Amino acid sequence: MILADKIIELRKKNGWSQEELAEMLDVSRQSISKWEGAQSIPDMARIIKLSQIFGVSTDYLLKDELELPAAAAPARADDPDYPARTVTLEDANTFLGIKEANAGRVALGVMLCILSPVILILLGGIQELGMIPLTEDQAAGFGLVPMILMIGCAVALFVTCGMRSSRWEFLEKEPLETLYGVDGMVKERREYFRPVFTRQLTAGIVLCVVAVLPIFSAMIMGDDETVWHVIATCLLLISVALGVLLIVRSSIVWGSYQILLEEGDYSRERKADNKRFGNLEGIYWALVTAGYLAWSFITFRWHQTWIVWPVAGVAYGAVIGIARAMTRKQ
């Protein structure tokens, strides 16, 4: 069997498309197509990387007379014998640079989503109190325009960041084998970032906790039908937005180090769990988001509905824990 046929056979046994294999090798799909059509052959560096990805020897790929051993059958990602993906020092530096750039953008997008109803709440509240010469529909219209624009900007940030980091998604899902110098570089950068992470995470949590103080202050200053309650609700959202900005930004950067070191949520055991429970996570957070938006828009109690997120975060840990326990029992 020639090299072209072996590449086709191994790719199909692993269930990969030409595009997926091309992404792993950092080449174009056309290159894979030419290799499989025997129109060209990969260079030695690509041959070595192919052997690592497929879990076979370079001899098997290069010698036509050798057949595929039974042990080289496709493996699962949670199998300890699953071939690890090689990460070079250049790969690691590029990935960390993209994550650091995306961290600020993603955090800004989340902040915009939280801040988006502030103008709507402010205009609706002061209109209801008769402080501005607008009808209820006009106040809602003027408030919805910036809300939609802010959400649109946030979605654009999420999409662009996702596209920039899409080629590195395998780092979060598959076993990794880092080459010489990668672990040392990542650990050094992590230790340099550690005090920044601690400060930003602490400040973010404090801002989220003290966000309720304006509501308590408004309760002291008057009844529910005062402008202070409207302002307090807006201040609560602003404080939470700033806190979440710091938490999300620092957590994404810190998470990028854990990804390369395969620690914490990105250990090989967790990666296997994530493959099993990926759909559960998507369904859970979709339902939480739908419930939050429905409750908020029906009641317009934005100063209360934010409690959904910390409760959902704690509950998510319990849901995943139960799912893992049931899987292991089976």
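1. Start with what sits under α3. In this predicted model, the buried residues of α3 pack against three other helices: α1 (3-13), α2 and α4 (44-54). The residues in question are I32, W35 and E36, which are buried in α3. Looking down the axis of α3, you find these buried residues within an arc of 95°, so they line one face of the helix. That spacing is what you would expect from the textbook picture: an α-helix has 3.6 residues a turn, so residues three or four places apart point the same way. Do note that a charged residue, E36, is on the buried list.

2. Next, the α2/α3 pair. Helix α2 covers residues 18-25 and helix α3 covers residues 29-36; they pack at an angle of about 110°, and their axes are 8 Å apart. That makes α2 roughly perpendicular to α3, given that 65 to 115 degrees is the window for that word. On the α2 side the contact is made by Q18, E19, L21, A22 and L25, and on the α3 side by R29, I32, S33, W35 and E36. Sorted by class, that contact has five nonpolar, two polar and three charged residues. I32, W35 and E36 turn up again here: they are in this contact and they are buried.

3. Two backbone spots around α3 deserve a look. D26 is found in the loop between α2 and α3, and its phi is near 60°, a positive value in a residue other than glycine. A38 comes just after α3, in the loop between α3 and α4, and phi there is also near 60°, again positive and again not a glycine. For context, most residues other than glycine have a negative phi. Are these two buried or exposed? D26 is partly exposed, with a relative accessible area of 47%, while A38 counts as exposed at 52% relative accessibility. If you are checking backbone torsions, D26 and A38 are the ones I would flag here.

4. On to the electrostatics. How many salt bridges does the structure hold? The count is nine. One of them joins K99 and E172, with the closest N and O atoms 3.6 Å apart. K99 lies in helix α6 (residues 89-115) and E172 in helix α9 (residues 170-173), so the pair ties together parts that are 73 residues apart in sequence. The lysine counts as buried, K99 having 15% relative accessibility. Its partner E172 is partly exposed, with a relative accessible area of 27%.

5. R190 has two acidic partners to consider. Its side chain meets that of E191 in a salt bridge at 3.9 Å, N to O, and that of E263 in another at 2.6 Å, N to O. R190 lies in helix α10 (residues 182-210), whereas E263 is in the loop between α12 (227-261) and α13 (268-299), so this pair ties together parts 73 residues apart in sequence. Salt bridges that share partners join R190, E191, R194 and E263 into one network. As for accessibility, R190 counts as buried at 11%. Both acids are partly exposed: E191 has a relative accessible area of 41% and E263 has 27%. If you keep a distance cut-off in mind, a salt bridge here means N and O within 4 Å, and the R190 and E191 pair sits at 3.9 Å.

6. Helix α10 also carries F193. This residue counts as buried, with 9% relative accessibility. What does F193 touch, leaving aside neighbours within four places in sequence? The contacts are R249, S250, V253, W254 and Y257. Take V253 as an example: F193 and V253 are 60 residues apart in sequence, yet 8.6 Å apart in space, C-alpha to C-alpha.

7. Finally, the whole chain. There are 15 helices and two strands. Of the 330 residues, 38% count as buried. Among contacts with a separation of 6 or more, residues 24 or more positions apart account for 74%. The F193 and V253 pair, 60 residues apart in sequence, and the K99 and E172 salt bridge, with parts 73 residues apart, are examples of long separations along the chain.

Technical notes: Residues numbered from 1 in each chain as written. Predicted model: local features only at pLDDT ≥ 70, side-chain atom pairs only at ≥ 80, totals over all residues. Heavy atoms only, no water. Axes fitted to C-alpha atoms, helices over the stretch in contact; angles between N-to-C directions. Helix = DSSP H or I, 4+ residues; strand = E, 2+ residues; numbered from the N terminus. Parallel < 35°, antiparallel > 145°, perpendicular 65-115°, else oblique. Contact = heavy atoms within 4.5 Å. Nonpolar A, V, L, I, M, F, W, Y, C, P; charged D, E, K, R; others polar. Buried < 20%, exposed > 50% of the residue type's maximum accessible area, 1.4 Å probe, protein only. Arc of directions from axis to C-beta.
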